[in-house]
Amino acid sequence: MKITDILDQDTMILSLKAKTKEAVIDEMIAKLDEVGKINDISLFKQEIVKREKESSTGIGDGIAMPHAKTAAVNTPTVLFAKSEAGVDYDSLDGQPASLFFMIAATDGANQTHLETLAALSRLLIHPDFVAKLRGAKSAKEVIGLFDEAQEENESTAESNHSTDSYEKPFVVAVTACPTGIAHTYMAEDALKNKAKEMDVEIRVETNGSDGAKNKLTADEIERATGVIIAADKNVEMARFDGKHVLETPVSDGIRKPEELIGRAISKEAPIYHHSGERDSSTKEGQRVSVGSRIYKDLMNGISHMLPFVVGGGILLAFSFLLEQYFPSAKGFTDMLGAISGGETGAFMFLIPILSGFIAMSIADRPGLMPGMVGGLLAATSNAGFLGGLLAGFLAGYVVVGLKILFSKMPKTLEGLKPILIYPVLGLLITGGLMYFIFDPIFATINEFLVEQLQSLGTANAVILGTVLGGMMAIDMGGPFNKAAYTFAIGVFTTTGNTDGAFMAAVMAGGMVPPLAIAMATTLFKNKFTSDERQAGLTNYVLGLSFITEGAIPFAAADPLRVITSCVLGSAIAGGLTQFWQINVPAPHGGIFVAGLANHPVLFLLSILIGTVISGLIYGFWKKAK
């Protein structure tokens with residue numbers, strides 16, 4: 001497939017009017033929309049901007065390559081644009097950009113299209129070709145330049161393949177960027193071309209959007225003098241254990257290939273150990289903000305926890321339905337409850353899995369066990385999912401600290417670290433801090449909340465209902481939620497108030513968060529990823545079933561917006577149940593026990609009002625992806 005099959009004259013702007021980076025992006029997107037290449041301007045721009053936030057696609061030397069792979073694209077397309085004056089594009093070399101290639105790839109881009117995009121990217125590291133593009137006066141001339149360059153590149157590709165002997169210096173490299181469309185292959189060719197100039201043999205593996213290509217063999221890794229990882233995303237690292245590994249952003253592979261190859265040959269890079277410890281210099285060149293690092297660790301925990309939320313939540317909801325309408329199926333209902341909730345089911349693993357994989361993201365495999373145990377301590381105490389978050393980060397950084405502390409151990413004792421030192425000390429420190437410090441703190445908070453609730457009494461049922469409803473959404477299964485629910489159960493079973501007035505408040509308050517999340521992902525779909533929208537659909541079922549935990553992944557990822565909006569809606573829903581004097585004589589069940597309420601329509605209306613308020617606040621407040 002020719003490059004000009006996806007770069008045609010209809011998608012060119014030879015004289016950009018835009019003067020700023022955002023205006024350039026808007027002008028190019030408008031052109032793609034004009035010729036029918038995209039179907040959703042908002043979603044496409046959202047993905048373009050998301051990629052720019054990860055690192056600027058202004059690669060330097062006056063070139064910028066904004067790109068996105070999304071369902072908003074109808075046909076894989078490249079838009080070429082020129083700016084005579086140049087635009088400040090936050091390029092990596094600080095210079096204005098004058099040549100722009102906006103790559104629009106479909107979610108289902110096939111192998112041929114991806115290889116063509118890679119070929120285009122590789123051409124742009126050749127200064128002579130770029131100079132010709134700058135001088136092109138017409139779209140037809142641009143097409144001719146690309147056709148000529150691709151033919152020449154393909155004819156010389158075989159001759160460029162390394163046939164050097166083992167006597168030359170030999171290095172291996174891996175290139176990867178988050179999208180895997182452009183920078184991955186530009187870094188590959190930059191490293192190959194510079195290695196040829198330096199009389200160095202090199203093998204480059206690319207981790208693009210179509211997976212790993214030219215995968216390095218064990219023999220190649222073994223005989224390599226050094227390893228270059230030019231990547232902005234995680235790559236398979238265990239295979240490089242014991243090698244000198246230089247880790248750097250993919251942009252350095254494009255802009256600094258000579259420096260990287262030189263450092264790899266001279267073994268300046270530290271030795272990589274898969275157990276996690278590494279020289280402090282391995283952080284060099286990694287321009288990742290603290291916020292981005294924390295977000296990445298958090299997402300690792302949430303992504304592993306989500307299947308437990310979905311699988312356990314849906315089966316638990318089904319068990320409530322059967323219990324309500326088919327009491328004769330008690331054996332089957334009990335089984336569903338056992339495998340989904342309670343002390344033996346999927347829900348029991350939510351917080352340990354969250355904590356464990358947060359810790360693993362921070363400290364690699366040695367962080368997993370202390371993180372999971374810390375999460376289990378949080379789950380079985382009153383620490384809740386907020387305690388689980390703390391346990392995950394605590395365990396991760398405890399293990400990182402241990403790696404630094406024991407980094408100078410004799411090499412003969414290296415094997416003791418992953419099998420003895422990290423598990424024992426990691427568990428002891430993390431478990432001890434959770435058990436003696438953090439769990440008691442949350443327990444104290446829990447006790448205080450119960451005391452405050454009891455002091456309110458029933459003198460002002462509306463205020464009490466508002467407080468109970470709001471508390472159900474503060475931590476969605478944690479100490480606040482448990483305190484409110486326990487109080488309502490206590491009133492229900494011990495004070496003679498068996499009509500379930502306060503159960504109506506806590507049930508309404510607990511149903512609002514997942515329902516509000518579901519509504520927000522439906523009404524404001526362009527602000528959520530496809531995975532989040534799918535999880536949002538699940539929250540309809542979880543919310544109707546009074547399973548507040550369905551909102552936890554969203555609250556963990558965006559606590560300020562989610563918790564604030566949900567608390568407001570839940571508090572209103574809880575207050576309304578008491579204002580309308582609604583009673584629900586059942587301790588659980590959600591919508592499936594609504595028929596038992598003395599005012600079922602008003603009960604459902606309370607939930608609906610709270611859901612709409614929370615959903616709209618969260619939807620309008622949330623930033624676009």
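**Figure 1. Phenylalanine 101 in a predicted model: a buried ring in strand β6.** In this predicted model, phenylalanine 101 has a relative accessible area of 0% and is therefore buried. Phenylalanine 80 likewise counts as buried, at 0% relative accessibility. The ring centres of phenylalanine 80 and phenylalanine 101 lie 5.1 Å apart with the planes at 40°, so this pair is tilted. Phenylalanine 80 belongs to strand β5 and phenylalanine 101 to strand β6; with these positions 21 residues apart, the pair links distant parts of the chain.

**Figure 2. The aromatic pair of phenylalanine 101 and phenylalanine 146.** The arrangement is edge-to-face, with 6.1 Å from centre to centre and 80° between the planes. Phenylalanine 101 is in strand β6 and phenylalanine 146 in helix α5 (residues 139-160), so the pair ties together parts that are 45 residues apart in sequence. Both phenylalanine 101 and phenylalanine 146 are buried. One aromatic cluster is formed by Phe80, Phe101, Phe129 and Phe146. Across the whole structure, a search finds nine aromatic pairs.

**Figure 3. Strand β6 and its pairing partners.** Strand β6 spans residues 97-105 and is mostly covered, nine of its nine residues being buried. Strand β3 (residues 63-64) pairs with β6 in the parallel sense over two bridges, and isoleucine 63 stands opposite leucine 99 of β6. Strand β4 (residues 67-69) also runs parallel to β6, to which three bridges join it; here lysine 69 stands opposite alanine 105. The pairing of strand β5 (residues 77-87) with β6 is antiparallel and extends over seven bridges. In that pairing, threonine 77 is placed opposite alanine 104 of β6.

**Figure 4. Lysine 31, a buried residue of helix α1.** Lysine 31 is located in helix α1, which covers residues 21-34. Its relative accessibility is 18%, and lysine 31 therefore counts as buried, the limit for that class being under 20%. With residues up to four places away in sequence set aside, lysine 31 touches Asp10, Met12, Ile13 and Leu79.

**Figure 5. Two basic side chains placed over aromatic faces.** Lysine 21 lies over the face of tyrosine 89, at 4.8 Å from the ring centre. Arginine 223 is situated over the face of phenylalanine 170, at 3.8 Å from the ring centre.

**Figure 6. Aspartate 199 and aspartate 364, two loop residues with positive phi.** Most residues other than glycine have a negative phi. Aspartate 199, although not a glycine, has a positive phi of about 60°. Aspartate 199 is found in the loop between α6 (183-197) and β8 (201-208), and its relative accessible area of 42% makes this residue partly exposed. Aspartate 364 also departs from glycine in identity while having a positive phi, near 65°. The loop that holds aspartate 364 runs between α12 (350-363) and α13 (368-380). With a relative accessible area of 22%, aspartate 364 is partly exposed.

**Figure 7. Surroundings of alanine 346 in the loop between α11 and α12.** Helix α11 comprises residues 330-340, and alanine 346 occupies the loop between this helix and α12. The relative accessible area of alanine 346 is 15%, so the residue is buried. Alanine 346 and phenylalanine 308 are 38 residues apart in sequence, yet their C-alpha atoms are 5.5 Å apart in space. Leaving aside neighbours within four places in sequence, alanine 346 is in contact with Phe308, Gly312, Ile339, Ser340 and Gly341.

**Figure 8. Confidence of the prediction along the chain.** The protein averages a pLDDT of 81, and 83% of the residues score at least 70. Over residues 276-288 the pLDDT is below 50; this stretch has 22 contacts in the model beyond near neighbours in sequence. Among the elements of the protein, helix α22 (residues 600-621) has the highest mean pLDDT, 94, and helix α17 (residues 479-494) the lowest, 63. For residues 493-498 the pLDDT stays under 50, and the model has seven contacts beyond four places in sequence for them.

Notes: Residues numbered from 1 in each chain as written. Heavy atoms only, no water. Buried < 20%, exposed > 50% of the residue type's maximum accessible area, 1.4 Å probe, protein only. Helix = DSSP H or I, 4+ residues; strand = E, 2+ residues; numbered from the N terminus. Pairing = 2+ DSSP bridges. Contact = heavy atoms within 4.5 Å. pLDDT = per-residue confidence, 0-100. Phe/Tyr/Trp six-rings, centres within 6.5 Å; stacked < 30°, edge-to-face > 60°. Lys NZ or Arg CZ within 6 Å of the ring centre and 35° of its normal.
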